[in-house]
Structure formats: C-alpha cells, structure tokens
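Let's take a friendly walk through a protein chain and the molecule it holds. Have the sequence and the 3D view open as you read.

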Amino acid sequence: MSRARDPDVSRPVAPRGPVSRRDVLKLAGAGLAAGAAAGGAEPAPPRRPGRSVVVAGGGIGGLTCAWELVKRGHDVTVLEAAGRTGGHVRTVRDPLADGLYVDGGAEHFTRPGYELFWGHVKELGLTALPYPRRENILRRIDGRLFTEEMLADPAVLAGFGFNRREVDFLAREPWWKLPALYFAPYLDSFSDEYRPFDAGLDRLDEMTLTELLRQDGASAAAVRFIGDAQSSALHAVWHAALLKLRGVPLFPPEVFRLAGGNQTLTDALTARLGDRVRLGCPVTGIERGETGVRVRYREAGQEKTREADWLVSAMSLVKLREVPVTPPWPEARGQVVKGFPYYTASRPVFQSRTRFWETDGVSPNIVLGETALEHVWRMADEVPTGRGLLVGTAAGFTSAEEALAAFRRVYPGRGEDVEQAFVVDWARDPWAMACEPVNYGPGRLRRFWPLVIEPEGRIQFVGAYADNLNWGMEAATRSAHRVAEAIDRA
Ligand SMILES: Cc1cc2nc3c(=O)[nH]c(=O)nc-3n(C[C@H](O)[C@H](O)[C@H](O)COP(=O)(O)OP(=O)(O)OC[C@H]3O[C@@H](n4cnc5c(N)ncnc54)[C@H](O)[C@@H]3O)c2cc1C
C-alpha cells in the first residue's frame with residue numbers, strides 16, 4: 001500500500017485548538033479514543049486513519065478515483081446527481097432491436113495510450129474489441145467523396161492547392177498526419193509532458209494555430225484542412241509533443257471499444273463501490289475549510305450536509321460553476337472554473353434492416369463535415385443479427401431527421417434501408433451537457449495551466465478537463481489516479 005511510503009505513518013497529529021465532533025470521530029477512527037476511554041491503559045499502536053472523501057460526480061473520473069481511494073483504505077462517498085452513474089460514458093440499448101447497442105458518449109480508446117484505462121479493463125475482467133471505425137475512411141470535400149487512395153494522389157492533392165512539400169508528404173503519409181509536417185520542428189523542445197512552459201516556446205501562445213501554419217509556410221489548403229483560428233498554437237504543439245512522448249500517433253488509426261458497450265466499465269466500478277455510491281444526490285453547495293470541507297447536497301427532496309477531509313470535484317467545470325462555494329474561489333481559480341472552454345455534441349444513431357453498405361461495397365466510415373452529421377461509422381458488428389447499426393457525431397441540438405437527411409444526401413450506395421433513427425443529445429442532459437474541453441485560445445494557457453490540475457486547499461479536481469491531453473476517458477482516468485495518489489500521500 002502506498003501509505004507505507006508516508007513517514008508520518010505511526011505519528012498521529014494532535015488536533016490544535018478546540019476538538020470538533022469531526023476531530024473526535026477521526027480520533028476514534030485512529031483507535032486513540034478507545035485507548036483514552038480505557039482509563040490510561042496502554043493505547044494500541046495508532047493506525048493512521050483513512051481519510052474521509054466525498055466524490056462529487058459519478059462519471060468515469062469520479063468512479064475511478066473513488067475506487068482507487070477505496071483500494072487504498074479510505075472512506076469514500078460518491079454523490080451523483082443523476083439517476084445513473086457513468087456520466088458521458090453511456091451505453092444505449094433501448095429502442096434498438098436484436099441486442100444491438102451503441103455508446104452514446106465515449107466510444108473508443110487507443111493502444112498505445114489509455115494505459116491506466118487498459119489497466120482497469122484487465123482488473124475488471126472486461127473484453128476490448130478492435131473497432132474498425134477509422135479504416136477506409138471516405139472524406140467529403142467540396143461536395144465529393146474521396147477515398148484514402150485518392151487523397152494520396154499528387155494530382156488530387158495539387159488540385160486542392162497544397163504546396164509541393166505538402167503534396168510530397170501526403171503522397172507517402174496518411175491524410176491525418178499532415179499536422180506532423182508543421183509540428184515536427186517544435187516537438188523535441190518538450191521533455192516533460194506536464195511542463196509546457198519549459199519548452200521555451202511561449203511566443204507560440206500568442207498566436208493561433210492558423211497563424212503558426214501561415215508563418216511556417218503552409219498553403220491555404222493546409223490552413224483550411226488543419227488550421228484552427230481559435231486555438232493557441234502552443235497548446236496544439238504541446239498536445240502533439242506529449243503524444244510523441246507517450247508514443248501515440250496524432251490520430252491513432254487503430255482504436256478499441258468494450259464488448260457490450262463502454263458503460264460496462266463504469267457499471268463494474270459502480271458495482272465494486274456498492275452503497276458508497278448515492279444516486280440522485282446533486283451537490284448544491286461547498287464550504288471550504290482549512291482542514292476539511294462541508295458539502296451540501298440534496299437527497300430525496302431533502303437538503304443534507306456531509307463533512308469530509310477532502311472533496312473530489314468530479315463534475316465538469318460547467319456544472320461546478322453552478323455550485324455556490326464559500327468562501328468564494330480565489331480569483332485565479334474562479335477564472336479557471338468560469339472560463340474553461342468546452343464543446344457539446346450529439347450522437348445520431350441509425351438502425352438499418354440490413355448491413356446495406358456491405359451489399360453496396362461502400363465503406364460506412366464517412367467524414368461528411370456537416371454540423372448535422374460530422375462523421376458516421378458502423379458499430380456493434382459482433383451482435384448476431386442481419387441488421388446494421390451506424391452511429392455518428394453531430395452538433396448539439398441536431399435532430400434525428402436532420403442527421404438522417406444529411407446521411408441520405410451523401411451516402412453513395414443504393415441499398416440504404418435505415419428503419420429507425422434517434423439522437424443522444426448531450427446538450428439536453430441536465431448534468432452531463434459539456435462533453436470535453438477544447439484547446440485554449442491564445443494567452444489562456446498560463447491562466448489555466450497548471451492550476452487546473454492543482455488542488456484548492458482540501459478540494460481536488462478530477463475529470464476529462466483535469467489532465468494535459470483532452471482525450472476524454474483517458475484524461476479522466478489519469479486525473480483520477482493522480483488525485484487518489486495525492487490524497488493518499490497527504
Ligand atoms: C459524443 C461524445 C463522444 C465522445 N467520445 C469519446 C471517445 O471516443 N473516447 C473518449 O475517451 N472520450 C470520449 N468522449 C469524452 C468522454 O465521454 C468524457 O470526457 C468523459 O466520459 C468525462 O468523464 P468525467 O468523469 O470527467 O465527467 P462526466 O462524464 O461529465 O461525469 C461527471 C458526473 O458528475 C455528475 N454531476 C454533475 N453535476 C453534479 C452535481 N452538482 N452533483 C453531483 N454530481 C454531479 C454528472 O451527472 C456526471 O455523472 C466523448 C464524449 C461525448 C459526449
């Protein structure tokens with residue numbers, strides 16, 4: 001157990017000042033109160049008590065942190081506002097036929113990458129399946145669909161307006177690698193993936209990625225396809241550098257999902273945590289103390305409070321913004337909580353009578369580039385049925401009709417036989433509306449980093465936003481382990 005690393009393990013700290021009820025409880029937990037009650041009998045050697053921890057939010061981040069704390073001997077309660085755990089990890093079965101299912105939120109993970117997540121897959125006895133959603137991608141550009149082979153053809157590339165260097169690069173490398181051509185000169189300046197300012201590239205935080213590309217000779221076509229006029233160039237380059245440090249491609253072509261849906265992982269964690277998880281319990285207020293926290297929450301219509309040594313905030317910052325905090329957050333923290341950028345999205349789902357794309361000989365993995373349907377791919381192939389299932393990503397508030405109309409406009413085959421369409425719309429979810437963070441705008445990195453991963457007194461932060469790379473489940477899992485370790489060592 002990591003507690004053994006703590007030099008204070010056998011030396012309980014005497015409380016200073018008046019002893020509160022909580023302190024008495026802590027002492028009782030340490031076995032000291034029992035010794036005192038025995039009237040001067042030699043107390044048993046004190047055991048360092050586990051810390052009491054409230055985890056606010058039962059998404060993958062909160063559940064993983066709770067489970068890691070329980071394994072280290074701490075007393076954990078998870079307060080989850082919704083009637084289910086998992087947050088953005090949500091597998092939908094109803095109203096699909098024949099045992100088909102779809103991941104309505106987080107749908108893939110990579111290898112390499114997601115190492116801690118893979119550790120839980122193994123620990124919980126779950127099965128990862130290869131997920132061929134990035135094979136043979138068709139891309140719609142200027143109203144036409146292009147295969148991967150077409151997008152490696154120098155004549156096609158020159159027709160888009162790429163310059164000579166870019167054409168040569170794309171003729172030998174896959175389309176998704178193009179950013180690497182411009183990031184390469186900067187990547188080796190980063191040696192610690194958590195210290196972006198050590199790279200000596202702060203000037204890149206004063207420009208957008210689009211400006212950096214232009215400065216470094218990118219064509220208008222490259223700017224069009226890989227530019228970003230909102231994101232800090234330093235943030236984009238730092239992300240690429242930390243992927244290189246981890247040995248992960250910029251856009252891993254091989255990805256995985258869990259058999260039965262990714263929610264099998266959060267369900268398994270929930271089962272292990274048992275009655276430590278309280279559903280339908282939104283946190284409604286936080287009081288920050290020197291040595292602990294008091295958390296207000298609602299349960300079955302009643303206002304309740306709970307005191308703890310630590311609070312782990314495992315809800316998105318968009319939801320944390322709504323929770324009153326006393327005393328108020330210090331100014332810098334307040335800026336992080338209020339100003340952190342997120343996106344939201346929806347997941348269109350199409351169930352078809354047959355796997356018509358197979359009959360048509362058309363790849364179902366299509367990048368459409370429309371707000372009503374950004375891209376689409378096939379899912380749940382292993383389910384024994386002749387029916388087909390396609391899923392996609394679209395902007396928040398997209399309707400099923402809009403998404404299906406976009407698909408029908410673009411799909412090039414003749415056999416399309418979608419029989420049912422619906423949308424999982426995160427923008428309408430009262431508790432899990434904000435999906436993942438997006439890159440910071442210029443000048444924001446210093447304001448947000450590293451504060452966003454640091455504790456504020458007795459409050460720790462876990463979630464997809466609380467790590468260096470904004471890859472949802474991976475960031476949530478990494479932050480969960482970091483915080484469990486920090487509380488255990490404190
Ligand atoms: C459409 C879509 C596709 C995605 N694809 C991928 C993917 O392929 N791979 C990947 O790794 N990630 C993906 N993600 C991102 C990933 O799902 C999330 O980043 C990750 O699940 C977030 O986990 P979390 O624990 O940080 O937060 P959440 O999932 O938001 O969990 C927070 C929890 O806090 C609860 N909560 C909120 N307010 C309160 C309150 N006041 N009191 C108590 N509880 C509260 C919520 O109900 C929720 O359960 C995707 C997300 C979406 C929406």
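## Two strands and a hairpin

Before we start, here is a useful rule: two strands count as paired if DSSP finds at least two bridges between them. Keep in mind, too, that the model you are looking at is predicted.

Now find strand 18 (residues 366-370) and strand 19, which are joined by 3 bridges and run antiparallel. These two strands form a hairpin, with 2 residues between them. To see one of the bridges, look for I366, whose bridge partner in strand 19 is V376.

Strand 19 (residues 373-378) has another neighbour as well. It pairs in the antiparallel sense with strand 20 (residues 388-395), this time over 4 bridges. Here R378 has L390 of strand 20 as its bridge partner. Is strand 19 mostly covered or mostly uncovered? Strand 19 is mostly covered, with 5 of its 6 residues buried.

## An open sheet of four strands

Next, look for an open sheet of 4 strands. Their order across the sheet is 13-12-11-15, and the pairing is mixed. Strand 13 (302-308) and strand 15 (325-326) stand at the edges; each has a single partner strand, so one side of each is left without a neighbour in the sheet. In general, strands of a sheet pair through backbone hydrogen bonds, either parallel or antiparallel.

Which way do strand 12 and strand 13 pair? Strand 12 (residues 293-299) pairs with strand 13 in the antiparallel sense, over 7 bridges. Within this pair, R298 stands opposite E303 of strand 13.

The loop between strand 12 and strand 13 holds A300. This residue has a positive phi of about 50 degrees although it is not a glycine. A300 is also exposed, because 7 other C-beta atoms lie within 10 Å and a residue with 12 or fewer counts as exposed.

## The nonpolar cores

Let's move to the inside. The largest nonpolar core has 81 residues, and V55, A56, C65, L311 and V312 are those with the most contacts inside it. Helix 17 provides the largest share of this core, with 7 residues. There is also a second, separate core of 28 residues, which includes I366, L373, L390 and A432. You have met I366 already, as the bridge partner of V376.

V55 is a good residue to zoom in on, and you will find it in strand 1 (residues 52-56). Why does V55 count as buried? It has 34 C-beta neighbours inside 10 Å, and a residue is called buried if there are 20 or more. Leaving out residues up to four places away in sequence, V55 touches G62, C65, A66, V76, V78, V312 and A314. One of these contacts shows how a chain can bring distant parts together: V55 and V312 are 257 residues apart along the chain, but 4.6 Å separates their C-alpha atoms.

## Around the ligand

How many residues surround the ligand? There are 41, and G57, G59, G87, G463 and G472 come nearest. Helix 3 (60-71), strand 17 (345-352) and helix 17 (472-489) are the elements that give two or more residues to this shell. Helix 17 gives the most, with 4 residues. Recall that helix 17 also makes the largest contribution to the 81-residue core.

By type, the residues of the shell divide into 22 nonpolar, 13 polar and 6 charged. The shell draws at least three residues from each of domain 2 (52-82 + 279-342 + 434-439 + 450-489) and domain 3 (91-134 + 254-259 + 345-428).

## Backbone details to look for

Two cis peptide bonds are worth finding. One joins R111 and P112, with omega about 5 degrees; P112 lies in the loop between strand 5 (109-110) and helix 4 (115-123). Another joins W449 and P450, where omega is also about 5 degrees. P450 is in the loop between helix 16 (445-448) and strand 23 (459-461).

Finish with D98, in the loop between strand 3 (91-92) and strand 4 (102-103). Its phi is near 60 degrees, a positive value in a residue other than glycine. Is D98 buried or exposed? D98 is exposed, with 12 other C-beta atoms within 10 Å.

Definitions and conventions:
Residues numbered from 1 in each chain as written. Predicted model: local features only at pLDDT ≥ 70, side-chain atom pairs only at ≥ 80, totals over all residues. Near = placed C-beta within 6 Å. Nonpolar A, V, L, I, M, F, W, Y, C, P; charged D, E, K, R; others polar. Domains from an automatic or database assignment. Core = buried A, V, L, I, M, F, W, Y, C linked by C-beta atoms within 7 Å. Contact = placed C-beta atoms within 7 Å.
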